[in-house]
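Here is a walk through one protein chain, written for someone who would rather look at the model than read tables. Have the sequence and the 3D view open as you go.

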Amino acid sequence: MNQKIEKINQEIQKQQDRIQRSQERIRELEQQRTELENTEIIGLVRSIRATPEELAELLRSMKSKGVSSYD
């Protein structure tokens, strides 16, 4: 095969491998973020010392009033 073509093919493979590693790292970081968010949410829920029923009612009330952290 032409030497230039082979070199380009090798570079393409190298970049594809790098992209795959980057995507795997992103998935790992997203998982870590989700775990930390969940831990934070659990801590907040426990800090108010509400029963599961009280918490459910609070969340329903917030939802019906349109209260959101994204507003």
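What follows goes from the overall layout to the helices, the contacts and the surface.

## Overall layout

Bear in mind that this is a predicted model. The protein chain has 2 helices and 0 strands. Its radius of gyration is 24 Å, well over the 11 Å that the globule rule gives for 71 residues, so the chain is more spread out than a compact globule. You can see that in the C-alpha trace too, which spans about 70 × 25 × 15 Å along its principal axes.

How much of the protein chain counts as buried? Of the 71 residues, 1% do, where buried means under 20% relative accessible area. The chain exposes about 7000 Å², and carbon and sulfur atoms supply 55% of that area.

## The first helix

Helix α1 takes in residues 3-48, which makes 46 residues. From its first C-alpha to its last it reaches 68 Å, close to the 68 Å expected at 1.5 Å a residue. At the N-terminal end, asparagine 2 acts as the cap for α1: one of its side-chain oxygens sits 2.8 Å from the backbone nitrogen of lysine 4.

Three α1 residues are good places to stop along the way. Threonine 34 is found in α1 and counts as partly exposed, at 34% relative accessibility. Leucine 36, also found in α1, is exposed, with a relative accessible area of 62%. Threonine 39 is found in α1 as well and counts as exposed at 54% relative accessibility. The threonine 39 side chain reaches the backbone oxygen of glutamate 35 at 2.9 Å.

If you want some distances to check in your viewer, try two C-alpha pairs. Leucine 36 and arginine 25 are 11 residues apart along the chain, and their C-alpha atoms are separated by 17 Å. Threonine 34 and serine 64 are 30 residues apart along the chain, with 26 Å between their C-alpha atoms.

## The loop and the second helix

Arginine 49 comes just after α1, in the loop between α1 and α2. What is unusual about its backbone? Most residues other than glycine have a negative phi. Arginine 49 has a positive phi of about 50 degrees although it is not a glycine. Arginine 49 is also exposed, with a relative accessible area of 75%.

Next comes helix α2, covering residues 52-64. At 1.5 Å a residue, its 13 residues should span 18 Å, and the end C-alpha atoms are indeed 18 Å apart. After α2 you reach glycine 66, which has a positive phi near 75 degrees.

## Salt bridges

How many salt bridges are there? The count comes to 2, with a cut-off of 4 Å between the side-chain nitrogen and the carboxyl oxygen.

One pairs glutamate 28 with arginine 25, the closest N and O atoms being 3.4 Å apart. These two residues are 3 residues apart in helix α1, so about one helical turn separates them. Both ends are partly exposed: glutamate 28 has 44% relative accessibility, and arginine 25 has a relative accessible area of 41%.

Another pairs glutamate 57 with arginine 60, and here the closest N and O atoms are 3.3 Å apart. Both residues lie in α2, 3 residues apart, which is about one turn of the helix. Glutamate 57 counts as partly exposed, at 43% relative accessibility.

## A nonpolar patch

Which residues make the nonpolar surface patch? It is made by Ile48, Leu58, Leu59 and Met62, and covers about 340 Å². With 3 residues, α2 gives the most to the patch.

Methionine 62 is one of the patch residues and lies in helix α2. Why does methionine 62 count as partly exposed? Its relative accessibility is 31%, and partly exposed is the class between under 20% (buried) and over 50% (exposed).

How values were computed
Residues are numbered from 1 along each chain as its sequence is written. This is a predicted model: local features need pLDDT of at least 70, side-chain atom pairs count only at pLDDT 80 or more; totals for chains, interfaces and linings use all residues. Side-chain values use heavy atoms; hydrogens and water are left out. Helices (H or I, at least four residues) and strands (E, at least two) are DSSP runs, numbered from the N terminus. The expected span of a helix is 1.5 Å times one less than its number of residues. A polar contact is a pair of N or O atoms within 3.5 Å; within protein, one must be able to donate a hydrogen and the other to accept it, and residues adjacent in sequence count only if both atoms are side-chain atoms. Buried means under 20% relative accessible area, exposed over 50%, partly exposed in between (1.4 Å probe, protein chains only). Patches are made of residues with over 30% relative accessible area and no salt bridge: like charges are joined within 9 Å, nonpolar side chains (Val, Leu, Ile, Met, Phe, Trp, Tyr) within 5 Å. Accessible areas come from the Shrake-Rupley method with a 1.4 Å probe; for residues, only the protein chains shown count as cover. The radius of gyration is taken over C-alpha atoms; the globule rule is 2.2 Å times the number of residues to the power 0.38.
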